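Please open the model in your viewer, set it to a cartoon display, and keep the selection panel at hand for the stops that follow.

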Amino acid sequence: MSEHLPPIQSTTPKPLHLNHLGIQIGERVLLADTELTIPGGNITVIVGGSGAGKSVLLRTLAGLIPPHGEVITWQGNIDTGEILEPQTPIDGQKTQPSSTNSTLGQPRIGIVFQQFALFDELSPTENVQFAIDHRNDRSTAPSQTSRQWLKELGVPAKTPVAALSGGQKQRLAIARTLAANPDIVLYDEPTSGLDAASGGKVAELIRNTHDSYHRTSIIVTHDYETLIPIADEVLLLDSETRRLVPVPKTEWDEIPARMRPVQLETTEAATNSVIQVGVRKADDFLTQTGETIVTALRLPYDLIPLFPRPRWGLRFFAHYLRLVGGVSAWVYLILAGLIIGFTGTYFTFRFLPFRLYTQPLLIDELLASIGFALYRILVPVLATILIAARCGAAVAADVGVKQYGGQIDAMRTLGVKPSIYLLVPIVLAFMLATPLLEWMAFTSARFVSMLTFTATHPDIGPFFWDQHFYRNLVTAGGGWPEGWGWVMLKNLACGIGTAAIGYYRGLSPKQSASDVSDAITSTVLWTTLFVLLVHFIVALIEF
């Protein structure tokens, strides 16, 4: 690190009290009833064998796992001096207060994630500024700017996050965590995947930042050789006793022998019958259906909160507006409009029964019908289906990657509900982009319809087409086309539903990249079905 700038506001280092803490995964006990105090102001390294549950313990301490989850459950209290009531639910999940004794309502535990959990769409400076703007106490000015943090920890400010090296990302993650001014800093496998030299530099960085800012630091790691030398205290997550056992400094050399990997009981795999597979598939279908209905019912509630920091709300809105309604979407919908405009016009006249006799008599009525069908039915249906498939999948992928990469959890550790900066901007982006994209599709369909008619009827020309194409759409008083309100209603309903489904499918738990892929696939399915349902219901009412 460079020469230290003035440290952040001085506070008394907070200890972390584990009061009868127990953690289970299904029927397996990771941590039995544990009563322990992790001293404040020290670097405490927690080690354990493979599969002992170190990362689950860390996420529990950070408040990222609800007490009564579907797979992981825990009981007891985690506090920094006094037992608190559970925090406000985050996205419907009631969580215990993992770190705060402040009345400001934001968590005071920061975490440096193993995968860094940096916001790729933000610059390094913006990543740190996001933490500064959402720190727990904003009544006093921050001691350092985002650029000062980057300079101090040696992170290039102008390099995109995705282009940073692993060490630079690690330092940026530490800078962002410290900029939020937490009482306790957790490190999740900070040297994972690094060689010995790089791991040693990370350990030195942690020691130096700890000495500079004097926060309680807790490191969960399997790399005891690299990180124990910087430790003040060592705790062993013993897989046999299911306890966090303090290890005296005189016994640190014995830690490798005591880090036994967990031996899971093996059971004979049961052969799934066709009926069992069918029942499981039906159960998954009903579960997804229920989640879709719940998504629709809770959307008004989730849209209630305003942006706590308007600047960041607009920043995320701009990101999702580019994602949903960017140039590639323009090309996509314009091409779709050209196709449907050409086919709707050319084949109507090409395959008209007794064309030689009926076309001269019906040509004006056919043009009026084509205009009506394109504006009221065909283009809205095609456009919203394509928007649901393309844009819904894009949103599910974006949110899914954030969930898998830890950015969602990073928001939560900064006291931010993900729905505020993700769901709300996504819905607003769809509400703006869907009518715009549908208008582009109709404009291109109308244009190619005129060209097609002119090419197939050169003796009549475009004036005749223009005179009759809008005949069934013109209102008596002029102004907006007939039925524009119904078209707008369908656009907004389809856009909002697509936004909500894409967000919630992306937000579902992600254990692997295949889970992200599954979320994208299911989003395409459910958004398409939703759009078709909207058009069916509106058509019954409209016509």
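Two strands are taken to pair if DSSP finds at least two bridges between them. Bear in mind throughout that this is a predicted model.

Begin by selecting residues 16-25, which form strand β1, and then add β4, with which β1 pairs in the antiparallel sense over seven bridges. To see one of these positions, show Asn 19 and look across to β4, where Asn 77 is its bridge partner.

Next, widen the selection to the whole sheet, which is open and has three strands in the order β2-β1-β4, paired antiparallel. Colour β2 (28-38) and β4 (72-79) separately: they stand at the edges, and because each has a single partner strand, one side of each is left without a neighbour in the sheet. From one strand to the next, the twist averages 0°.

Now add residues 54-61, helix α1, which packs on the sheet and touches β1, β2 and β4, its direction making about 130° with that of β1.

For the last stop, move to helix α10 (residues 327-350) and helix α13 (residues 418-456), whose axes lie 7 Å apart and which pack at an angle of about 35°; the crossing of α10 and α13 is right-handed. Show side chains at their contact, where α10 contributes residues including Trp 330, Leu 333, Gly 337, Gly 341 and Phe 349, while α13 contributes, among them, Leu 437, Met 440, Ser 444, Val 448 and Phe 453. How many residues of this contact are nonpolar, polar or charged? Those of the contact of α10 with α13 divide into 15 nonpolar, seven polar and no charged.

Notes: Residues numbered from 1 in each chain as written. Predicted model: local features only at pLDDT ≥ 70, side-chain atom pairs only at ≥ 80, totals over all residues. Heavy atoms only, no water. Helix = DSSP H or I, 4+ residues; strand = E, 2+ residues; numbered from the N terminus. Axes fitted to C-alpha atoms, helices over the stretch in contact; angles between N-to-C directions. Contact = heavy atoms within 4.5 Å. Left-handed = near helix turned anticlockwise from the far one by under 90°. Nonpolar A, V, L, I, M, F, W, Y, C, P; charged D, E, K, R; others polar.
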